[in-house]
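Here is a set of short exercises to work through with the model open beside you. Try each task first, then follow the solution step by step.

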Amino acid sequence: MNLTDRIVVVTGGAGGIGAALSRRFAAEGAAAVVVADLHGDSARAVAEGIGPVAHPAALDVTDEEQVRALVADTERRYGRIDLFCANAGVTTGGGVEVDDAGWDRAWRVNVLAHVYSARAVLPGMLARGGGHLLHTCSAAGVLTAVGDAAYTATKHASVGFAEWLAITYRDRGIRVSALCPQGVDTPLLADGIVQGHLGARVVAASGAVLTPDQVADAAVAGLAEERFLILPHPEVADFARRRAEDPDGWQAGMRKLIRRLTA
C-alpha cells in the first residue's frame with residue numbers, strides 16, 4: 001500500500017503504537033487520518049498535534065454500534081476507507097485467577113473489536129474492490145505472553161482471525177496484515193517493569209525494546225510490501241520457528257528463562 005492520499009482509521013490512536021501510526025501515516029501523505037480512542041480528549045490532542053489531515057473521534061471499540069457509526073461517518077466525510085487499523089488492546093497481568101470480567105474485556109477488546117471493525121468496513125472495501133486491514137496482534141499472538149493468560153489466548157485468536165480474513169478476502173482485493181511487535185516502550189510495558197510483573201520482565205529480557213515510532217516504521221514497510229505478518233522484532237520469526245519445530249524444547253527454554261528471572 002502506498003499511503004499517499006489514503007483515508008485511514010486508527011483505533012487506540014491516542015497513545016503508544018496507535019499515536020505513532022497516526023503520525024506516521026500523516027507524514028506518508030495520507031489524505032485523512034481518523035484518530036479514534038476511548039479517551040476522546042487524548043485523541044483530540046493527538047489529532048491536533050498532527051494537523052488538518054487528522055480527525056479525532058471518541059470510540060469504545062467493544063460497542064459494535066459505535067464502530068459502525070464511526071465507519072459510516074468516515075465514509076460520509078471522506079467517501080471511503082482505504083486502511084483500517086484495529087489497534088486497541090488491553091492486558092490483564094494475571095493467569096487463570098483473573099475474574100470473568102477481566103477475561104471478557106480482553107476478549108471484547110482484543111478479538112471482538114477486530115470482528116466489529118471488519119464487519120463494518122468490509123462492505124465498502126469489497127464494493128470498491130480494494131482495501132487494507134491492519135490488526136495489531138502482538139508477538140504474544142504467535143508466541144506466549146508469560147504472566148498473562150487472557151492476553152495470550154486472545155492475541156492468538158486475533159492472529160487466527162486475521163489469517164482467516166486474509167485467506168477469505170485476498171482474491172477479492174482485500175489485504176490483511178497482522179502487526180506483531182514484542183517489547184515496545186509504552187506505559188503498558190514500563191509500568192509492568194516498575195511493578196515487577198513477570199511478563200514485563202520476560203519481554204524486556206527477550207530482545208530489544210523498540211519505540212512506538214520504530215514499530216510504525218516497520219508497519220509502513222510491511223504495508224508497502226503487503227506482508228501478512230509484520231514483525232518489528234525480526235527475532236520473533238526465529239522464536240516462532242523454534243516453537244513450531246520443538247514445542248517441548250521451546251517450553252523448557254521459557255521455563256528456564258522464568259526461573260532465571262525469578263531466582
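Relative accessible area sorts residues into three classes: buried is under 20%, exposed is over 50%, and partly exposed is in between (1.4 Å probe, protein chains only). The structure is a predicted model, in which local features need pLDDT of at least 70, side-chain atom pairs count only at pLDDT 80 or more, and totals for chains, interfaces and linings use all residues. Residues are numbered from 1 along each chain as its sequence is written, and side-chain values use heavy atoms, with hydrogens and water left out.

**Exercise 1. Sort A244, A237 and L257 by accessibility, and place each in its helix.**

Step 1. Start with A244, which sits in helix α9; helices (H or I, at least four residues) and strands (E, at least two) are DSSP runs, numbered from the N terminus. Because its relative accessibility is 60%, A244 counts as exposed.

Step 2. Move to A237, also found in helix α9. Its relative accessible area of 27% makes A237 partly exposed.

Step 3. Finish with L257 in helix α10. At 15%, L257 is buried.

Step 4. Now add some distances. A237 and A139 are 98 residues apart along the chain, and their C-alpha atoms are separated by 9.4 Å. For A244 and V109, 135 residues apart in sequence, the C-alpha to C-alpha distance is 27 Å.

**Exercise 2. Find what surrounds S22.**

Step 1. Locate S22 in helix α1, which covers residues 16-27.

Step 2. Check its cover: S22 has 0% relative accessibility and therefore counts as buried.

Step 3. List its partners, using contact in the sense of heavy atoms within 4.5 Å. Once neighbours within four places in sequence are set aside, S22 touches V10, G13, V33, V35 and I50.

**Exercise 3. Which residues touch the most other members of the largest nonpolar core?**

Step 1. Fix the term: a nonpolar core is a set of buried Ala, Val, Leu, Ile, Met, Phe, Trp, Tyr and Cys residues joined through side-chain atoms within 4.5 Å. In soluble globular proteins, nonpolar side chains tend to be buried together.

Step 2. The largest such core has 48 residues, and F84, L133 and L165 touch the most other members.

Step 3. Trace where the core comes from. Elements that each supply at least two residues include β2 (32-37), α3 (64-78), β4 (83-86) and α5 (149-169). The largest share, ten residues, is from α4.

Step 4. Zoom in on F84. Beyond its neighbours within four places in sequence, its contacts are V9, T11, V71, S117, V121, M125, H132, L133 and L134.

Step 5. Look for a second core. Another one, of 29 residues, lies apart from the core just described, and among its members are F25, C85, V184 and I230.

**Exercise 4. Work out how helix α7 is packed.**

Step 1. Pick out the buried residues of α7 (residues 198-205): G199, A200 and V202.

Step 2. Look down the helix axis. The buried residues fall within an arc of 160°, so they line one face of α7; the arc is that of the directions from the helix axis to the C-beta atoms.

Step 3. Ask what covers that side: the buried residues of α7 pack against α6 (187-194) and α10.

Step 4. Check from the other side. L257 is in contact with V202, A205 and S206, leaving aside neighbours within four places in sequence.

**Exercise 5. Where are the two non-glycine residues D5 and E226, each with a positive phi?**

Step 1. D5 has a phi of about 65° and lies in the segment before β1 (7-11).

Step 2. E226 has a phi of about 55° and belongs to the loop between α8 (212-224) and β7 (229-230). With 32% relative accessibility, E226 counts as partly exposed.

**Exercise 6. Describe the chain as a whole.**

Step 1. Count the elements: the chain has ten helices and seven strands.

Step 2. Compare its spread with the globule rule, 2.2 Å times the number of residues to the power 0.38, where the radius of gyration is taken over C-alpha atoms. The radius of gyration is 18 Å, close to the 18 Å that the rule gives for 263 residues, so the chain is as compact as a globular protein of that length.

Step 3. Note the burial: 51% of the 263 residues count as buried.

Step 4. Consider contacts between residues at least 6 apart in sequence: 70% of them join residues at least 24 apart.
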